Amino acid sequence: MRAAVLGGGPGGLNFAISLKLRDPAHDVLVIERNRPGDTFGWGVVLSDETLHKLETNDPVSAKAINESFAYWDDIAVHYRGAVVRSGGHGFSGISRKRLLAILQERARALGVTIRFETEAEPVEAYRDYDLIVGADGANSRVRAARADVFQPDIDVRACKYTWLGTHQKFDDAFTFIFEETEHGWIWAHAYQFDADTATFIVECSEATWRRIGFERMTTEETIAACEGIFARNLGGHALMSNARHLRGSAWLNFNRVLCAHWSHDNIVLLGDAAATAHFSVGSGSKLAMESAIALANYVASEPTLKDAFVRYESERRLEVLRLQNAARNSTEWFEDIERYLNLDPVQFNYSLLTRSQRISHENLRQRDARWLDGAEKWFEERATGRRPNISRPPMFVPFRVRGIELKNRVCVSPMAQYKAKDGTPNDWHFVHYAERAKGGAGLVFTEMTCVSPEGRISPGCTGLYREEHEGAWRRLVDFVHAETEAKIAIQLGHSGPKGSTQLGWEEMDAPLPRDNWPVVGPSAVPWSPENQMPRELSHADMDKIREEFVRSAEMAARIGFDWLELHYAHGYLMSSFITPLTNRRTDEYGGSLDNRMRFPLEVLRAVRRVWPDEKPMSVRISAHDWVGRDGVQPQDAVAIARLLAENGVDLVDVSAGQTSKRAQPVYGRMFQTPFSDRIRNEAGVATLSVGNIFEPDHVNSILMAGRADLVCLARAHLADPYWTLHAAADLHYTGVNWPKPYWSGRDQLNRLKARTEAPIGKV
Ligand SMILES: Cc1cc2nc3c(=O)[nH]c(=O)nc-3n(C[C@H](O)[C@H](O)[C@H](O)COP(=O)(O)OP(=O)(O)OC[C@H]3O[C@@H](n4cnc5c(N)ncnc54)[C@H](O)[C@@H]3O)c2cc1C
Ligand SMILES: Cc1cc2nc3c(=O)[nH]c(=O)nc-3n(C[C@H](O)[C@H](O)[C@H](O)COP(=O)(O)O)c2cc1C
């Protein structure tokens with residue numbers, strides 16, 4: 001076979017080597033525009049997993065790479081005058097020049113022809129070749145020339161970066177340095193890659209970059225400015241650029257590349273040309289080299305090139321998407337860094353280490369148990385004012401707000417049971433909520449409990465508008481207070497345009513087959529073409545509904561609920577005022593966000609006035625309508641949270657969606673937590689996070705990273721009322737109190753766990 005490889009980076013060279021290794025008779029040509037020793041960038045980091053794959057593929061080049069490695073274990077974070085260091089991270093670094101030299105030498109030894117200082121021609125020029133590999137990097141011309149078939153999606157990321165080097169030693173740790181200048185924050189990612197050289201990538205927001213004046217600076221001036229900014233960490237050493245052979249600015253924006261297709265006829269894309277991963281997860285060379293091996297394998301094993309390309313793409317696309325997902329989280333963390341710059345150094349470090357969501361709380365314990373132990377103690381000391389002798393997982397640290405203390409930070413999320421008659425909770429509700437209160441959660445929310453019969457979602461919804469409702473709820477609240485350590489919260493709401501619908505397990509959100517009651521809303525906009533047209537509320541109607549909320553809140557206070565939550569999410573009445581999708585009013589209750597928030601805030605203030613001062617209030621919101629610019633977006637949610645806090649709300653319960661049939665939500669583990677993170681750290685408002693959180697590890701990571709103050713689990717609590725007690729057993733944490741009659745069950749569970757598992761937590 002004759003193969004033309006356009007581009008002699010790690011991807012192209014490794015593919016040429018791998019192809020020759022599989023059949024020395026192949027005629028392989030590599031075209032590279034640079035000279036052999038020319039290269040941008042300084043060092044690259046490779047994981048043990050990649051090294052293992054390189055070794056299996058070609059022990060000769062792998063040995064040479066291994067011998068050129070610098071190894072280190074720690075990550076050090078320089079931030080606000082403190083250096084926080086954690087261990088167990090295990091990296092290997094190599095100079096990009098050295099890596100390419102090894103691969104070039106090996107390729108030549110195997111009989112590959114490398115043509116340096118040669119610009120690749122358009123692919124038509126290689127029509128005599130059986131296979132053409134586009135390995136020409138992130139700005140691939142091969143890809144651009146056939147953009148119609150490859151369909152690249154290029155996302156230009158917000159930060160500016162420049163890839164520099166230095167002889168200052170960073171040989172003891174992968175080092176992040178955050179510096180505050182009068183023009184804004186700027187940071188460096190620094191790591192050693194040979195005996196006397198380290199990579200030093202400098203990055204900042206575009207706004208800071210402009211204010212510092214980098215836009216107008218030559219490369220020399222840029223270097224001098226960076227040397228000044230990072231002088232404290234450079235120990236008198238210079239910064240060096242080896243991008244001088246590149247035209248234009250030394251500053252770049254990272255391009256996230258993903259192509260819909262990776263091959264066409266006999267042309268295939270490889271490495272950065274097909275897909276890139278942000279440098280902050282250090283995996284681009286890994287992706288390129290591993291993909292090169294996979295491509296060579298399939299070219300050798302499959303009967304036709306077409307078959308080889310199909311198998312190559314289906315195997316590698318999955319890996320690329322996985323890494324791009326982690327890389328996106330990491331990229332966004334750096335782009336949104338201003339949000340985290342008020343965090344204490346311990347929490348800032350934790351947030352940085354877990355930014356890609358690939359490393360969890362227990363992963364960190366495995367890497368550096370001592371550091372995590374200190375971080376957990378810090379978390380508890382900040383919450384309680386006392387430094388503990390023995391640390392405990394963050395989920396078990398108490399939470400205080402107003403006059404209430406929750407024994408831990410796990411909440412049973414509000415979940416409609418659809419089992420009430422005329423709004424009255426019955427034995428089902430008693431047993432359901434009482435079980436969850438016994439199950440160890442710090443706070444148990446009731447389902448959305450409606451302020452009027454018309455305000456119910458379905459005929460099965462609970463209410464708090466009649467005397468018998470008060471009595472039935474009191475029985476439950478008294479039990480929870482007498483027999484458990486949990487606190488109990490009532491969630492109050494009004495269904496608005498999503499009222500008069502079927503039970504949750506029937507056709508959700510669809511109108512009743514008969515006996516519908518009229519529904520109301522801010523405007524005459526129905527939930528769907530099948531649902532009733534809501535009657536637009538008059539000002540007098542709104543006053544009446546406000547007073548209904550007040551009446552229910554007074555009842556809740558009399559009953560003795562510990563906490564009150566207003567349901568302003570999921571398309572129900574208050575949510576339908578907040579989102580422009582359903583609020584089309586032209587009076588002072590529609591239009592701008594301030595106007596759309598006017599009625600929800602009037603209700604909030606009226607409720608706060610009658611709700612006891614010593615008891616907390618939260619409001620659940622939909623932080624994202626998932627319909628793009630037409631609806632509420634996370635940045636609007638920050639403004640909404642600020643308004644709520646200014647009007648007496650202690651915590652915002654951050655949910656999302658269910659406000660429009662057009663919504664296109666992006667699901668995944670902890671998928672709504674980024675909105676909670678943003679609200680908490682931008683608006684400075686305490687939050688509850690909810691949404692596909694189901695493992696103790698998720699809860700601990702969210703809390704420890706400061707992405708929420710409390711965590712709600714819904715479906716996990718339907719499957720297991722004792723979720724919290726079981727989580728404690730899984731973590732080998734014995735500081736929870738089981739109900740006395742269940743002690744022998746607890747002891748057996750703990751014994752069985754101790755027998756089958758090595759402890760990952762502590763007592
Ligand atoms: C700041 C930064 C830091 C990084 N750090 C790491 C890290 O620590 N670990 C890691 O794994 N990855 C890292 N990466 C990513 C890594 O550099 C790339 O993912 C990797 O180099 C991709 O290899 P490649 O062979 O696909 O492309 P490239 O390395 O870009 O190679 C493409 C080659 O094609 C040549 N070429 C392009 N066009 C033509 C043409 N028309 N004619 C002839 N030749 C051409 C180029 O000169 C180049 O040599 C980093 C990237 C950046 C930007
Ligand atoms: C059966 C069921 C009923 C729900 N009822 C309510 C409700 O009354 N009020 C509310 O705010 N959210 C309600 N939700 C949403 C949950 O509180 C939670 O936000 C959602 O299920 C995502 O959390 P999870 O992934 O932990 O299940 C309900 C969810 C379920 C599964």
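Modeller: A polar contact is a pair of N or O atoms within 3.5 Å. The model is predicted, so local features need pLDDT of at least 70 and side-chain atom pairs pLDDT 80 or more, whereas totals for chains, interfaces and linings use all residues; side-chain values use heavy atoms, without hydrogens or water. Residues are numbered from 1 along each chain as its sequence is written, with chains lettered from A and ligands numbered from 1 in the order in which they are written.

Colleague: Which residue has a backbone N or O atom 3.1 Å from a nitrogen atom of ligand 1?
Modeller: Two other polar contacts of ligand 1 involve its oxygen atoms: the side chain of Arg96 places an N or O atom 2.8 Å from one, and a backbone N or O atom of Ser285 also lies 2.8 Å from an oxygen. The contact to a nitrogen atom of ligand 1, at 3.1 Å, is made by the backbone of Arg33.

Colleague: What percentage of the accessible area of ligand 1 does the protein cover?
Modeller: Accessible areas come from the Shrake-Rupley method with a 1.4 Å probe. On its own, ligand 1 has 1,000 Å² of such area, and the share covered by the protein is 94%.

Colleague: Which element gives the most residues to the shell around ligand 1?
Modeller: There are 32 residues around ligand 1 (near means a heavy atom within 4 Å). Helices (H or I, at least four residues) and strands (E, at least two) are DSSP runs, and H1 (10-22), S3, S10 (152-166) and H10 (284-301) each supply at least two residues of that shell. The greatest contribution, 4 residues, comes from H10.

Colleague: Which residue has a polar side-chain atom 2.6 Å from an oxygen atom of ligand 2?
Modeller: Ser413, Pro414, Ala416, Asn692 and Arg715 come nearest among the 16 residues around ligand 2. A polar side-chain atom of Ser413 lies 2.7 Å from a ligand oxygen, and His567 has a side-chain N or O atom 3.1 Å from one. The value of 2.6 Å belongs to Arg715.

Colleague: Which strands stand at the edges of the open sheet?
Modeller: Strands pair if DSSP finds at least two bridges between them. The sheet has 3 strands in the order S3-S7-S4, with antiparallel pairing. Because each edge strand has a single partner, one side of each is left without a neighbour in the sheet; these edge strands are S3 (43-46) and S4 (70-72).

Colleague: Which residue of S7 is the bridge partner of Tyr71?
Modeller: S4 and S7 (residues 91-95) pair in the antiparallel sense over 3 bridges. The partner of Tyr71 in S7 is Ser92.

Terms used. Polar contact = N/O pair within 3.5 Å; in protein donor to acceptor, adjacent residues only side chain to side chain.
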